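Visitor: Got a minute to walk me through this one? I'd like to start with one helix and work outward.

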Amino acid sequence: MENGRHLTEKLSLTYQTRLKDLPEQADSALSDIAGLMSGIERSLYRQWRTGQSLASLKNETLVRYRIPARYFNAIKASLEGKTHAILS
């Protein structure tokens, strides 16, 4: 088994951020965006685990989710950072 792969198959982590005293509309908008970004991140992780490079998934992801490249780059950096932190 590839070094680190065993660890990620058995490990489950949850990341959470809470903001206080936001207006209802801002809270709702941020929750919607966070849900979208989280879903995209999980989808990318599944595809990445099958051997596809994150760079090769960029154009497809931008079109599928109708997000700007900046959002994809943020998700990619977050995913790589989380994975690196677990495996190091």
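**Starting from helix H2**

Guide: Leu30 lies in helix H2, which covers residues 24-49. Bear in mind that this is a predicted model.

Visitor: Is Leu30 buried, partly exposed or exposed?

Guide: Partly exposed, as the relative accessible area of Leu30 is 41%.

Visitor: Which residues join Leu30 in a nonpolar surface patch?

Guide: Leu19 and Leu22. With Leu30 they make a patch of about 260 Å².

Visitor: What span should H2 have, and what does the model give?

Guide: H2 has 26 residues, so at 1.5 Å a residue the expected span is 38 Å. The end C-alpha atoms are 37 Å apart, which agrees.

Visitor: And what comes just after H2?

Guide: Gly51, with a positive phi of about 105 degrees.

Visitor: Let's go inside. Which residues of H2 are buried?

Guide: Ile40, Glu41, Ser43, Leu44 and Gln47.

Visitor: What do they pack against?

Guide: Two helices. The buried residues of H2 pack against H3, residues 54-65, and H4, residues 69-87.

Visitor: Some polar names in there. How buried is Ser43?

Guide: Ser43 has a relative accessible area of 9%, under the 20% cut-off, so it counts as buried. Leaving aside neighbours within four places in sequence, Ser43 contacts Arg64 and Tyr65.

Visitor: And Gln47, what is its relative accessibility?

Guide: 15%, so Gln47 is buried too. Setting aside neighbours within four places in sequence, Gln47 is in contact with Gln52, Leu57, Glu60 and Arg64.

Visitor: OK, the nonpolar side. What makes up the largest core?

Guide: Nine residues. They are Ile40, Leu44, Leu54, Leu57, Leu62, Ile67, Phe72, Ile75 and Leu79. H2, H3 and H4 each supply at least two residues of this core.

Visitor: Why would such side chains be together?

Guide: In soluble globular proteins, nonpolar side chains tend to be buried together.

Visitor: Pick one core residue. What does Leu62 touch?

Guide: Not counting residues up to four places away in sequence, the program's list for Leu62 is Ile67, Pro68, Ala69 and Phe72.

Visitor: Switching to charges. How many salt bridges are there?

Guide: The count comes to three. One of them pairs Lys82 with Glu41, and the closest N and O atoms are 3.1 Å apart. This pair links distant parts of the chain, with Lys82 in H4 and Glu41 in H2, 41 residues apart.

Visitor: Is Glu41 buried or exposed?

Guide: Buried, because its relative accessibility is 15%. Lys82 is at 22%, so Lys82 counts as partly exposed.

Visitor: Which residues form a salt bridge at 3.2 Å?

Guide: Arg64 and Glu60, through their side chains, N to O. They are four residues apart in H3, so about one helical turn separates them.

Visitor: How accessible are those two?

Guide: Both values fall in the partly exposed range. Arg64 has a relative accessible area of 48%, and Glu60 has 38%. Both residues also appear among the contacts of Gln47.

Visitor: Which residue does Glu80 pair with?

Guide: Lys76. The closest N and O atoms are 3.3 Å apart. Glu80 and Lys76 are four residues apart in H4, so the separation is about one helical turn.

Visitor: Why does four places suit a pair on one helix?

Guide: An α-helix has 3.6 residues a turn, so residues three or four places apart point the same way.

Visitor: Are Glu80 and Lys76 buried, partly exposed or exposed?

Guide: Partly exposed. Glu80 has a relative accessible area of 31%, and Lys76 is at 24% relative accessibility.

Visitor: Zoom out. How many helices and strands?

Guide: Four helices, zero strands. Along the sequence the pattern reads α-α-α-α.

Visitor: What share of the protein is buried?

Guide: Buried residues are 18% of the 88 residues.

Visitor: And what about the accessible surface?

Guide: About 6900 Å² for the protein, with 52% of that belonging to carbon and sulfur atoms.

Visitor: Last one. What share of contacts join residues at least 24 apart?

Guide: 55%, among contacts between residues at least 6 apart in sequence.

Terms used
Residues are numbered from 1 along each chain as its sequence is written. This is a predicted model: local features need pLDDT of at least 70, side-chain atom pairs count only at pLDDT 80 or more; totals for chains, interfaces and linings use all residues. Side-chain values use heavy atoms; hydrogens and water are left out. Patches are made of residues with over 30% relative accessible area and no salt bridge: like charges are joined within 9 Å, nonpolar side chains (Val, Leu, Ile, Met, Phe, Trp, Tyr) within 5 Å. Accessible areas come from the Shrake-Rupley method with a 1.4 Å probe; for residues, only the protein chains shown count as cover. A salt bridge is a side-chain nitrogen of Lys or Arg within 4 Å of a carboxyl oxygen of Asp or Glu. Buried means under 20% relative accessible area, exposed over 50%, partly exposed in between (1.4 Å probe, protein chains only). The expected span of a helix is 1.5 Å times one less than its number of residues. Contact means heavy atoms within 4.5 Å. A nonpolar core is a set of buried Ala, Val, Leu, Ile, Met, Phe, Trp, Tyr and Cys residues joined through side-chain atoms within 4.5 Å.
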